[in-house]
Amino acid sequence: MTVGIVMLCHDALDRAEQVARHWSAHGCPVVIHVDKKVKRDAHDAFVKSLSRIENVRFSERHRCEWGTWSLVAASQSASELMLRDFPEVRHVFLASGSCLPLRPVEELKQFLAERPLTNFIESVTTEDVPWTVGGLSLERFTLRFPFSWKRRRKLFDAYVLLQRRVGFRRKIPDGLEPHLGSQWWCLTRSTLQAILEDPERPVHDAYFKKVWIPDESYYQTLVRLYSGDIESRSLTLSKFDFQGKPHIFYDDHLQLLRRSNCFVARKIWPRANRLYDTFLAPKEGEPGTAEPNPGKIDRIFAKAVERRTRGRSGLYMQSRFPNSGWENGTTCAPYSVFEGFADLFEDFEGWLGKMVGARVHGPLYAPDRAHFAGGQAHYAGALSDCATLRNYNPVAFLTNLVWNTRGERQCFQFGPRDNQEPSWFMATDSNAQISVVTGAWAVPLFHSKRNFSEVRKEAARLQKIEVEHLEILRSPYTKARVRVWTMADFVESPMEPLQTIIDEIGLRHPRRLTEVPRMVDLKGFGQFLQNLKNQGMQPHVMGDFPVTDRGDGAPDTPRKPYLVKQ
């Protein structure tokens, strides 16, 4: 008893020849199908190179295309020739020209000899298949697919949509329950012969000719009719990425392939010389009996897929950047945004830097420039303070800043005077901590010497911007840690909010605040707000400020630092 190898080849014929010689030299008959799209000269040279080997045959050629019946027809022609010319074959192993034996052929023969009636083919019902890509599972069996998915994609999609709209459904032949699985199988002679010689084969073939990707369903469905001894797994190691494309194995996968204990692997890079030299070299010693265990490397492939699709948090790369929502976290580390604090306190940035040990910037999105800490013109990652460069992609400016300074917390000021484009981004970033004192932007206007009519117009503009910004922060889609105080509530008792903010940033050695930074002079600010009202503008985001002094000679709000009694 022996195993016959059916090879489907379409390129890298030099490697296919090398593998065919390996199979043949170890007593395995080989039947090769060469895609009709291969040029005649290359085909003839390939056939000639193997013509003197007694147990190698070439089957009728078909023009093959992915997802179409042609791949099934190619395997049928080659399998029929195998069964006809090699009666000693008891198992038929379907492989591709890019497949590579990983273990000695004798081990495969012994493995199959111990299981003479077992068919190794992945065969799973459509409800249980987790790997179908493209949205078609059961529909691939009930709709018609006369157009090529690769060459005529628009016609393919349009025809599928038309059939859905008119409610067209094909009848599945009686007795068939659709199953799906890997294209690469190893069937017993009796099972394969029963499939190919079934009187109902014309009916089955006519039906599957209009099924989408029939090479993954034809044998996988029909094997259930003719055998009760099925192991639903493939003896060929083949891995696919999240788009349904096969992983390619290179030289640096050598140890990974060894650990799998699989008999055959695909898809091997044609120039992986180390893999071909290693696995096709003569093996010494007793044949091994280890079970194929592709699960050993599933974890590694799962990590590779996750790294490709999700990547590292906050790192944007070619494979994910054009796709919105594919980021594994929009930024790589926590950062803090302060709105209104620098308007209320003198040297707030210097005080905060001392308190939390973080890098505290000014308004990074100010109209004139990005105000980096220390007044630097360039910052980590060669970020420029130029407003034009920053505004080309304000979101990327922030993600780059956080990425290039990972390990050091970044804090910066933000307000209605600044570029508002990053608002939604920051609000939906779970790494963002946003603290807002609403209406504090009016303090610089209060201290300005500008004409009051200009001040009123500017106040109305800034208030409108802040209201829109607050709506974003209160959106159900917001993921940032947001705290909002009205200016009136905040200045009445600033110690508790500041303590809360400091605690959330996370000091290495937390301590109770005993002093807050010096607050700017707000005497007369209540009257300033009333004047705005008198001029027709309604300043409502500041909260309820008294119009006059408190009556004891003190201003509306304190000017000196708050102290906590010990």
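A salt bridge is a side-chain nitrogen of Lys or Arg within 4 Å of a carboxyl oxygen of Asp or Glu. The views below come from a predicted model.

**View 1. Arg57, Arg84 and Asp85 form a linked group.** Salt bridges connect these three residues in a network. Within this network, the side chains of Asp85 and Arg84 meet at 2.8 Å, N to O. Arg84 is exposed, with a relative accessible area of 62%. Asp85 has a relative accessibility of 25% and counts as partly exposed. By the rule given at the start, the count comes to 20 salt bridges, and two further examples are shown in the next views.

**View 2. A salt bridge joins Glu17 and Arg21 in helix α1.** The N to O distance between the two side chains is 3.1 Å. Glu17 and Arg21 are four residues apart in the helix, which separates them by about one helical turn. Arg21 is partly exposed, at 36% relative accessibility.

**View 3. A salt bridge joins Glu139 and Arg164.** The closest N and O atoms of this pair are 2.7 Å apart. Glu139 belongs to helix α5 (residues 139-142) and Arg164 to helix α6, so the salt bridge ties together parts that are 25 residues apart in sequence. Glu139 is buried, with a relative accessible area of 19%; the cut-off for buried is under 20%. Arg164, at 39%, is partly exposed.

**View 4. Leu162, Val166 and Phe168 make a nonpolar surface patch.** The area of the patch is about 270 Å². Phe168 is located in the loop between α6 (153-166) and β8 (179-180). With a relative accessibility of 32%, Phe168 counts as partly exposed.

**View 5. Asn119 is a buried residue of strand β6.** The strand covers residues 119-120. The relative accessible area of Asn119 is 0%, and the residue is therefore classed as buried. Its side chain is joined to that of Thr191 by a polar contact of 3.1 Å. Neighbours within four places in sequence are left aside in the following list of contacts. Asn119 touches Cys186, Leu187, Thr188 and Thr191, and also Val223, Ser227, Asp229, Ile230 and Glu231.

**View 6. The buried residues of helix α22 line one face.** The helix runs over residues 525-534, and its buried residues are Phe525, Gly526, Phe528, Leu529 and Leu532. Seen down the axis of α22, these residues fall within an arc of 160°, so they line one face of the helix. They pack against three other helices: α18 (442-447), α19 (452-473) and α20 (487-492). Just after α22 comes Gly536, with a positive phi of about 100°.

**View 7. Helix α21 has buried residues and is followed by Gly506.** This helix spans residues 495-505. Its buried residues are Met495, Pro497, Leu498, Gln499, Ile501, Ile502 and Ile505. Just after the helix, Gly506 takes a positive phi of about 95°.

**View 8. Ala12 has a positive phi in a loop.** The angle is about 45°, although Ala12 is not a glycine. The loop that holds Ala12 lies between β1 (2-9) and α1 (13-25). At 25% relative accessibility, Ala12 counts as partly exposed.

**View 9. Ile213 also has a positive phi.** Its phi is near 50°, and Ile213 is a residue other than glycine. Ile213 sits in the loop between α8 (201-208) and α9 (218-226). Its relative accessibility is 6%, so Ile213 counts as buried.

**View 10. A cis peptide bond runs from Arg266 to Lys267.** The omega angle of this bond is near 15°. Lys267 is in the loop between β12 (264-265) and α11 (273-279).

Terms used
Residues are numbered from 1 along each chain as its sequence is written. This is a predicted model: local features need pLDDT of at least 70, side-chain atom pairs count only at pLDDT 80 or more; totals for chains, interfaces and linings use all residues. Side-chain values use heavy atoms; hydrogens and water are left out. Buried means under 20% relative accessible area, exposed over 50%, partly exposed in between (1.4 Å probe, protein chains only). Helices (H or I, at least four residues) and strands (E, at least two) are DSSP runs, numbered from the N terminus. The arc is that of the directions from the helix axis to the C-beta atoms. Contact means heavy atoms within 4.5 Å. A polar contact is a pair of N or O atoms within 3.5 Å; within protein, one must be able to donate a hydrogen and the other to accept it, and residues adjacent in sequence count only if both atoms are side-chain atoms. Patches are made of residues with over 30% relative accessible area and no salt bridge: like charges are joined within 9 Å, nonpolar side chains (Val, Leu, Ile, Met, Phe, Trp, Tyr) within 5 Å. Accessible areas come from the Shrake-Rupley method with a 1.4 Å probe; for residues, only the protein chains shown count as cover.
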